[in-house]
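Please look through the sequence and the coordinates shown here before reading on. The paragraphs after them are meant to be followed with the model open beside the text.

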Amino acid sequence: MSSKSQILKSIRRNAPPAAELPPLAGTGIEYPDPTAQFIDVLTAIGGTVVQAENTAAIGQHLETLDVYRDATRVLSTIDGVGKSNVDLDAINDPKELMNLDIAILPGELAVAENGAVWTLPGKLKHRVAYYLAEHLMLVVPADRVVSNMHLAYREIDFTNPQYGTFISGPSKTADIEQSLVIGAQGPRSTVVYLLS
Amino acid sequence: MDHPTNASAFVADEERTHWHDKALWFVRSKRDKAVHSVPEWEELRAAASQVKLHTMSQLDHYLEEFERNATKLGVHVHWAVDGDEHNRIVYSILEKHKVRHVAKSKSMLTEECHLNPYLEAHGIEITDTDLGEWIVQLRGETPSHIVLPAIHIKKEEVGQLFHEKIGTDEGASDPKYLTEASRHALRKKFAQAQAGITGVNFAIAETGGFVVCTNEGNADLGTSLPPVHIACMGIEKIIPRAKDLGVFLRILARSATGQPITTYSTHFHGPMRGGELHVVLLDNGRSKLLGEEKYRRSLNCIRCGACMNTCPVYRRSGGHSYETTVPGPIGSILAPSKDAAEFYTLPFACSLCGSCSDVCPVKIDLHHQLLHWRGDIAQRRILPWRKRMEMKLGSRVLRHTWLFRIAGGVGRWLLPKLPRFLVYNRLNSWGKQREMPPMAKRSFRAMYQDRKRGE
């Protein structure tokens, strides 16, 4: 008997009595101003949020950042934003992105309750750009802010499921004596641009 | 193993015990704050618990649905009855790709299977890329907590370890400096890795995908640089629908560390471009536990660690005192279901305060299960002879009023007269670290009767 049938047989033999699956129809907490809540939460966990009228405003803000001005390798997949000098399609081995300074990439949806942004790194040739860049800038449409995770999942299409990540602020760790350190293995800072 | 012996060794260092206790209570306090910010918290707990109970009642169905949908996405799904089979499967995949270096993100399941020593014995270098896990790996230890693997280690000790292993400045113990050093060292490991291994937080039956949560981004780096990804999961990690994640991702990080969500919650659906994705489904006793009515709810566990952070015994005895992959209250239920004779002391490492059940986000009745285990262990005659006799004696005295009265009378009269060595000796485990209370002059019963007469 294969391991699979052995396991399934054991599960069936030991199956607990039937229990109903809750419909999860509720929507959870809804904030009067989800954008304000998103800004509060993401700021509290070490991220930055900038409300931008247009792509030019993003460019202006980038110029105020030391990490951007000092960057040598910049990747931007947002039209008209940033001095992109990395061509993902020309790179074959994702390890060549090891010293990527800045990545300016799209985010699909922002979640107010936890400061998370739903991203689809799988759309890039090298999804690792989202995690490998020293500093990550996400550009999210300003009208795509939802209050909580239940509402977020309603917006995500799973009929054709793809690789996606909720990213909530910069990478961090508190593994040494519970001291929070921002910038563990992934990006050291995260800026979310809410683009009108 | 004997938890009291291990715990005695831990509490011998009083200063460290307090430090450990405080560190975990800090995390518990953060959890409280995060939980109180969600008005519908109790509804979320109820929903999470129901989803899990439902899934467990149709686990075979959901596993097969997951396999079908994952296969459609190009995932290779493997089934492993036990840890040995799990390790063999992982190794065969690595061997096929001639992998020599592996980057692994946090996975208690691979700890359970002792995957690291197995792969190392086959000449594969495996690096635990979660900072806490890397620290314990470099020390040749196992994690002492499922979410905070290095919670038992002081920053000075990490400093010394890093000085020896990766050449940080001698005496440096600043967490920021040490984390920065680890970032550089681990990024080299990521660049070298030819395959990535991760655990799984939730696997979704209806989509064939799964979710991995980290704060450091290490799971994402380890699975987006090398082309081969092996995800190892217990069969109880399955949930029916994508929308169930709305519930689970809201409770997981808040319960674990008091964060509103982990920094990265990555949804894998199929392999990366030009890559290969394998999922290993492990049973290792889980399907058997499913059949145990009193204990099956422990399969609801989402491994947040909240029960450990709140447990007065765990906080003061340290994770290693349990000698299990999963320590603390949940571990004290899981371990005896694997080997009751070996781990019989664990359900007794509990004051039955019930705090674990209060904080559990999936409503596992932890302290009830621990109490059940005590009964089962006694019934199976696993307890040592002395404890059995003590229990028998205690039960007889407590069940017979006349015997209880005589024992009380003799005790009140005799104990104060006895020389110290007759009261405080090997037989009196209660008096090991504390003084017996002074004997009352009269019994409660006598005083109560006086009072009634006076009325």
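What follows goes from the two chains as wholes to their aromatic contacts, their salt bridges and their surface patches.

The coordinates are those of a predicted model, and every value below is computed from them. Chain A has 196 residues, of which 56% count as buried, and its secondary structure comprises 6 helices and 11 strands. The C-alpha trace of chain A spans about 65 × 45 × 40 Å when taken along its principal axes. Chain B has 455 residues, 58% of them counted as buried, and it contains 22 helices and 10 strands. For chain B, the C-alpha atoms fill a box of roughly 90 × 55 × 45 Å along the principal axes.

The aromatic contacts offer a way into the interior of chain A. Over all chains the structure holds 12 aromatic pairs. One of them joins A:Tyr153 and A:Phe166 in an edge-to-face arrangement, with 5.7 Å from centre to centre and 70° between the planes. This pair links distant parts of the chain, since A:Tyr153 belongs to helix α6 (residues 149-155) of chain A while A:Phe166 belongs to strand β8 (residues 164-167) of chain A, the two being 13 residues apart. Are these two rings buried or exposed? A:Tyr153 has a relative accessible area of 6% and is therefore buried, and A:Phe166, at 1% relative accessibility, counts as buried because buried means under 20%. Both residues also belong to a cluster in which ring pairs link A:Trp118, A:Tyr153, A:Phe158 and A:Phe166.

Charged contacts come next. Side chains of opposite charge can pair when their charged atoms come close. A search of the whole structure finds 34 salt bridges over all chains, and three of those in chain B are worth following in turn.

In one of them, B:Glu42 pairs with B:Arg45, and the closest N and O atoms are 3.0 Å apart. Both residues lie in helix α3 (residues 41-57) of chain B, where they are 3 residues apart, or about one turn of the helix. With a relative accessible area of 45%, B:Glu42 is partly exposed, whereas B:Arg45, at 7% relative accessibility, counts as buried.

Another salt bridge joins B:Lys96 to B:Glu276, with 3.3 Å between the closest N and O atoms. B:Lys96 lies in helix α5 (residues 83-96) of chain B and B:Glu276 in strand β10 (residues 276-282) of chain B, so this pair ties together parts that are 180 residues apart in sequence. How do the two partners stand with respect to the surface, buried or exposed? B:Lys96 counts as exposed at 54% relative accessibility, while B:Glu276 counts as buried at 18%.

A further salt bridge is formed where the side chains of B:Arg286 and B:Glu236 meet, at 2.8 Å from N to O. Here too the pair links distant parts of the chain, with B:Arg286 in helix α13 (residues 286-290) of chain B and B:Glu236 in the loop between β7 (228-234) and β8 (238-239) of chain B, 50 residues apart. B:Arg286 is buried, with a relative accessible area of 9%, and B:Glu236 is buried as well, with a relative accessible area of 3%. Elsewhere, salt bridges that share partners join A:Glu134, A:Arg188, B:Glu180, B:Arg183 and B:Arg187 into one network, whose members are drawn from chain A and chain B.

The surface of chain B can then be read through two patches. A positive patch is formed by B:Arg381, B:Lys392, B:Arg396 and B:Arg399. Among these residues, B:Arg396 lies in helix α19 (residues 385-399) of chain B, and it counts as exposed because its relative accessibility is 52% and the cut-off for exposed is over 50%.

The other patch is nonpolar: B:Trp402, B:Ile406, B:Val410, B:Trp413 and B:Leu414 form it on the surface, and together they have about 540 Å² of accessible area. One of its members, B:Trp413, is found in helix α20 (residues 401-414) of chain B, and this tryptophan is exposed, with a relative accessible area of 55%.

Notes: Residues numbered from 1 in each chain as written. Chains lettered and ligands numbered in written order. Predicted model: local features only at pLDDT ≥ 70, side-chain atom pairs only at ≥ 80, totals over all residues. Heavy atoms only, no water. Patch = residues over 30% accessible without salt bridge, like charges linked within 9 Å, V, L, I, M, F, W, Y side chains within 5 Å. Areas by Shrake-Rupley, 256 points an atom, 1.4 Å probe, with all protein chains shown as cover. Salt bridge = Lys/Arg side-chain N within 4 Å of Asp/Glu carboxyl O. Lys, Arg positive; Asp, Glu negative; His and termini not counted. Charge placed at Lys NZ, Arg CZ, Asp CG, Glu CD. Helix = DSSP H or I, 4+ residues; strand = E, 2+ residues; numbered from the N terminus. Buried < 20%, exposed > 50% of the residue type's maximum accessible area, 1.4 Å probe, protein only. Phe/Tyr/Trp six-rings, centres within 6.5 Å; stacked < 30°, edge-to-face > 60°.
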